[in-house]
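The following paragraphs explain how a few helices and strands are arranged in one structure. Please keep the structure in view while reading.

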Amino acid sequence: MGMNETASSERLHIGFFGLRNAGKSSVVNAVTGQDLALVSDTKGTTTDPVKKAMELLPLGPVVIIDTPGMDDEGPLGVLRVQKARRVLEYTDVAVLVVDAVLGMQEADKELTRLFEERKIPYIIAFNKADLTTDTDILPGALKNTIFVSARTGKNIYELKELIARIAGSEEQKKRVVADLLDPGDVVLLVVPIDSAAPKGRLILPQQQTIRDALEAGASVMITREQELSHTLDTLSQKPKLVITDSQVFEQVSKDTPKDILLTSFSILFARYKGDLEAAVKGAVRLDHLKDGDRILISEGCTHHRQCDDIGTVKMPRWVTGYAASKNGGKAPDLLFEFTSGTGFPEDLSPYSLIIHCGGCMLNEREMQYRIRRAKDAGVPMTNYGVAIAQMHGILKRSLDPFPQIRKLVLY
């Protein structure tokens, strides 16, 4: 992803749902003005969710998702429905496409119940309006309902306007770092050269932090951990905030004067799209690990694993060493499991702790969904940056920019 592109995780995710042959794919193509989805009179043509990142006026950068029919049948059909339901976990706005000739079916009503249960704002688009004369009657006086025709283009523009209006009411109000800065402040980013990142690029959290700091009117300086002390000595204005990659947290903490605020990209993202308070409380579980505890380490991306990968190699090593330090030098027998990308276990009850990445590749709704799942299962959940700070004894300092959360840290 280039510096000037909007990451998929920051785009509005619009999911199109409905029964087979309701015309979901036709409506998707009409809304996007592209042949994004395969269209056929044969039921079940869409067999897997189809995602497309694009610019869609008047919405701007979005991800459009066309899903399989929610009434699909047979063993494969069941799997397709499961995949379609999985889309709900990261859908910001849902469009339920209903066959206007047939009207609302029980499966359509079940979908609206799922939207409401997950607090997903939704629109009901009655497609094939050109084939019925009952377009002035809104069944059950349903809100956010519109009659459209993918074939003739009727009300497609109005549907896009309706999506934009609903999306605007759900607009993201959080900031990565801008609310911590004033115009004229200096923020210093400590960025190791990450072998997992493609050459010539900064990783996504770094890009987003730079952009947000610039929007706050702050000046952004960037250095590696090896040059941090020299950079601090040469600056004529003391940085208000130093933000570091979690992997070099300990060294950066030693080299950053105590009168300069310090935190990490991962902690910023725990606050931005996760739950920093829950992550801090979850990190306390690291102090009480015992034999047989099962720990889930989960990442939202599917990058190529390096020989010293942070998730599968470094984190288990750090956790085991820290647990040993809390157990008189004897490491407990811990069991580690790993997931990446869209994989996240249905049953979280076997785990004693979940350590998640910063979630930069997941949108806020999916990150919140995972956090909620962990809370419902009664399983503590923290993230990489918070866990690393706890294990290096610097969590309290790294939370100085967030005094209300800092009070939660117990020593």
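In this predicted model, four strands come together in an open sheet, and their order is β12-β11-β13-β14. The pairing in this sheet is parallel. At the edges lie β12 (335–339) and β14 (381–383), each of which pairs on one side only. Neighbouring strands are turned against each other by 25° on average, with direction ignored.

One pair of strands may be followed in detail. Strand β13, residues 353–356, pairs with β14 in the parallel sense over three bridges. Within this region, H356 stands opposite N383 in β14.

A helix also belongs to this picture. Helix α10 packs on the sheet, where it touches β11 (294–298), β12 and β13. The direction of α10 makes about 150° with that of β12.

Helix α10 (residues 310–325) also meets another helix, α12 (residues 384–391): their axes come within 10 Å and cross at roughly 30°. Because angles under 35 degrees count as roughly parallel, α10 is described as roughly parallel to α12. The crossing in which α10 passes α12 is left-handed.

Which residues make the contact between α10 and α12? From α10 come I310, G311, M315, W318, V319 and Y322, while α12 supplies Y384, I388, Q390 and M391. Of the residues in this contact, eight are nonpolar and two are polar, and none is charged.

How values were computed. Residues are numbered from 1 along each chain as its sequence is written. This is a predicted model: local features need pLDDT of at least 70, side-chain atom pairs count only at pLDDT 80 or more; totals for chains, interfaces and linings use all residues. Side-chain values use heavy atoms; hydrogens and water are left out. Axes are lines fitted to C-alpha atoms, for helices over the stretch in contact, and angles run from 0 to 180 degrees between N-to-C directions. Helices (H or I, at least four residues) and strands (E, at least two) are DSSP runs, numbered from the N terminus. Angles under 35 degrees count as roughly parallel, over 145 as roughly antiparallel, 65 to 115 as roughly perpendicular and the rest as oblique. A crossing is left-handed if the near helix is turned anticlockwise from the far one by less than a right angle, and right-handed if clockwise. Contact means heavy atoms within 4.5 Å. Ala, Val, Leu, Ile, Met, Phe, Trp, Tyr, Cys and Pro count as nonpolar, Asp, Glu, Lys and Arg as charged, and the others, Gly among them, as polar. Two strands pair if DSSP finds at least two bridges between them.
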